Amino acid sequence: MINASSPSSFDSLLSQALEMPEPAQTFALSLQRKLELEAARIKSEAKATTPKRSIWRFAIPAIAAVLLFFIFSLPTGTLGRVNLWFAHMPGIGLVNGASEDLILQFSANQSKQEVTFTITNALATSERTQLFYDISGLETGAEEHVLNIQTCKEQPWLLLEDGTRLSQKWFGGSLISENVSRGQWNFQPLPAGNDHFTLVVPCIPGTLIGFAPENWQIPIELIPIGTENNEPTSTALAIDPPEQPIYEATLKPTIEPTKSDEEVPAFLKVETVIATGDGYYLIGDIAKAETEHGPLALPYEGLVKVNDALGNPVPYRLYQGYYDEILAESSHFKNPWIYGFATEGVYFPLQLSWSALQLINNTGEEKIEITSDPGNMPADGVVNTLDFTYELGGYVLELNQIVNRGNGTYGVFFDVPAGIVRFDVAAVSGIEQVGFPQFLIEQQQPQIGFDITIEDPAPAPISISLSHLYTVSSKFPIEGAWQPYSQGYNLAEIEVADADLKEEYFEVSGKVLPLWEDALSLVINNIFAINRNNSTILLETPSGLSSEADEVDGSVGWTVLLPTRELEFPIELIFEVTLITGDNRSINAVIKQPWIPDGISPLIPWQEQILP
Amino acid sequence: MADPDTESDKLTVRQAMHDPTLFTPLYQKYLLPVYKYVFSKVFDAPVAEDITSQTFMTALQSLPALRQPERFSSWLFSIAHNKTMDWFRQQKHQVPLEQESEDKLIASDVNPLSDEVIWLRKTISGLDKTDQEILRFRFVANLTFSETAGVMKSTENKVKKRYYHLIEYLRNLMEVDHD
């Protein structure tokens, strides 16, 4: 006879009443094995998405160096028109993705000996044909500094099927990271109907003659942007720039700009979005911009920072455009760029941040003239090391090297004090052409260099002038955001349908409605909530993890229990969701929805408004 | 003073959050209570296995998002609870759950049961769902009051109070019924 009045006996009875069978041993072992496999998969994926150190560790600084090299390079005589060309401001444009342009669908590569030449991307527009390349396997030392006159100087070309050659307009840079070179070429535009051609590279630019495989012929096939294989094209989300610039860096001497309410002009415009198998290419344009204080520049040493909606950095590849349209008469020339990134594990919208530099002309209209007798210039293939100093705007510029590149072209290099990022150069006499002054930061000592081509026959003296010496006076924080979408601005929408105040919590329920037009399903991965003061509200129940989709609108229901002791309205409900689209693409997104119970004012403690 | 078991769990959870291959000890510790808890709701071994698998898989995949490692057990049982509720929704059960549970509960035991145990099972299956859940968490899942409170989004004191009232109620009812 059980004695129910005895606590221990009664507990024993309850234990018996609630005794449940154990799981089968085979099931336990099988599940353990499944979990171990899944854990291994998660771990390996996490490793795979961690930015690799090898190439990029070196490539990013190298990109920075080389891009700075280009970005501060302007042709003499065009500065008046385009001296602001590298100034770009936030406000990512809202632009349709459809385009007549062609793009590379699959990377093309070729290997010779240990060297692999890969065309990583291509963009053919009515204005140019741009090829982006990686060359790996180069022996250290095979690629020398651009000054080395023994390096390959033969230009690549494009060979069309009818035998036509398209020549190179600009070489968009080459950079070295141990044994990897990366860069781009800009060729003439492809005639209509030529989406197949061969890239012919007699030798790898910058490599020592005879040290690297030569005579490369790489077939390339382009496809139109927006064709079925590239679906869906998308549009970009416009984000307003910050209202007030923040001044945080001042270099001397400088003219301190006054803070201004002026609108900061747009800088990055997403023109085309291409969905790839595992990510996106954002193709855009950098517009020139200026403020009342002078030109603005984008400092490439920092590059753009891209974080996803959870704050995690998004690794990306940058294909920076070049400025062949810089000579165009139009007030706005194109300076295209491409960001390529994978979307696995990435939550939209992406947050892009950059810093623009406010440049100040420290010299006014002051100029200095540098004169030389042509007979003092170095002979073909010779480098003259010099030690001439000049003063411009209170700064000392040291002319330390002139290189004879052949064919009457000379490279002229100045050591400049830190803080100077640019000056203008113009021919005065005896000079046929002046190349772009290029800022070099590869060396510890900053340099600005440019090429000149001397007239033939060279009159004496030859003379150039230097002017408009620019320093950086301040930085503008630039922020933008981007996410793919096809209906409205959000990928999904949160609806709060019901809120019930219980003793200790609000039971709030609603649904998440996918807005992507061909969304097959929507999964709620996680739900968070934050208070008005940004403190996190503890929701330990992953309520949304296992909801069913509505058959009609595909929405997924959710319920959260919000502990009343923690609430400070309005709160923000934050949902991490995954959309599966009709083309089987997974799009992760963070959707936010502010919420305050009906009839509650945020100005008075809510408890006073609800409780008697 | 911190519960050494909780502290040990917390450490294991933290390790697994950084390295998912270290999840196995958590699985081994919680398989039995999770399975039993799920079984106590569905009374079907294959279904309980399926839900248990989903529970641990979700826990493994979502572990990095867990903000309070010390509340792992509460979180895990929350997942189990949700997965079970999903299963019920999918089944679109027409039979009232209480009645079906009661029938299955009695039918699930092959060993002869005492009258008191049968009486208790019938009585429990007629209890309020929250009370049933408290008993499951305490007797099937062997959760502490604190852990039970965590799963039920309540406070430890409230759960304790409700539990002791419930036990008292059952005991008195049993005495009355058996007198």
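What share of the 612 residues of chain A count as buried? The notes below begin with that point and then move through the strands, the cores, the contact between the chains and the confidence of the model.

1. Because this is a predicted model, the remarks that follow concern computed features. In chain A, which has 612 residues, 40% count as buried, and the secondary structure of this chain comprises 5 helices and 34 strands. Among the contacts in chain A between residues at least 6 apart in sequence, 71% join residues that are at least 24 apart.

2. Strands E3 (residues 115–124) and E4 (residues 129–136) of chain A form a hairpin with 4 residues between them. The two strands run antiparallel and are joined by 8 bridges, one bridge pair being A:Ala124 with A:Thr129 in E4(A). Of the 8 residues of E4(A), 6 are buried, so this strand is largely enclosed by the rest of the structure.

3. An open sheet of 5 strands in chain A, with mixed pairing, follows the order E17-E34-E33-E30-E31. Strand E17 (347–348) and strand E31 (536–537) of chain A are found at its edges, and since each has a single partner strand, one side of each is left without a neighbour in the sheet. Within the sheet, E33 (residues 571–581) and E34 (residues 586–595) of chain A are antiparallel and connected by 10 bridges, and A:Val577 stands opposite A:Ala589 in E34(A).

4. The largest nonpolar core has 74 residues, and those with the most contacts inside it are A:Ala492, A:Val512, A:Val577, A:Leu579 and A:Ala589. The element that gives the most to this core is strand E3 of chain A, with 6 residues. For A:Val512, leaving aside neighbours within four places in sequence, the contacts include A:Ala492, A:Ile494, A:Leu522, A:Trp558, A:Phe575, A:Val577 and A:Ile591. Apart from this core lies another, of 49 residues, among them B:Ile51, B:Val117, B:Leu120 and B:Ile124.

5. In helix H6 (residues 115–125) of chain B, the buried residues are B:Val117, B:Leu120, B:Arg121 and B:Ile124. These residues cover an arc of only 100° around the axis, which puts them on the same side of H6(B). B:Val117, B:Leu120 and B:Ile124 are also among the residues of the 49-residue core, whereas B:Arg121 is listed here as a buried residue of the helix.

6. Between the chains, 49 residues of chain B are in contact with 36 residues of chain A. Helices H2 (24–42), H3 (45–62), H4 (72–91), H6, H7 (129–140) and H9 (156–178) of chain B each supply at least two residues of the side of chain B that touches chain A, and the largest share, 9 residues, comes from H3(B). By class, that side of chain B has 21 nonpolar, 15 polar and 13 charged residues.

7. On confidence, the predictor gives the complex an ipTM of 0.87 and a pTM of 0.43. Chain B has a mean pLDDT of 80, with 82% of its residues at 70 or more; within this chain, confidence is highest in H2(B), at 92, and lowest in helix H5 (residues 97–107), at a mean of 50. Over residues 93–100 of chain B, pLDDT stays under 50, and the model has 4 contacts beyond four places in sequence for this stretch. Where pLDDT is low, predicted coordinates should not be read in detail.

Notes
Residues numbered from 1 in each chain as written. Chains lettered and ligands numbered in written order. Predicted model: local features only at pLDDT ≥ 70, side-chain atom pairs only at ≥ 80, totals over all residues. Pairing = 2+ DSSP bridges. Buried ≥ 20, exposed ≤ 12 C-beta atoms within 10 Å, placed from the backbone. Arc of directions from axis to C-beta. Contact = placed C-beta atoms within 7 Å. Nonpolar A, V, L, I, M, F, W, Y, C, P; charged D, E, K, R; others polar. Core = buried A, V, L, I, M, F, W, Y, C linked by C-beta atoms within 7 Å. pLDDT = per-residue confidence, 0-100.
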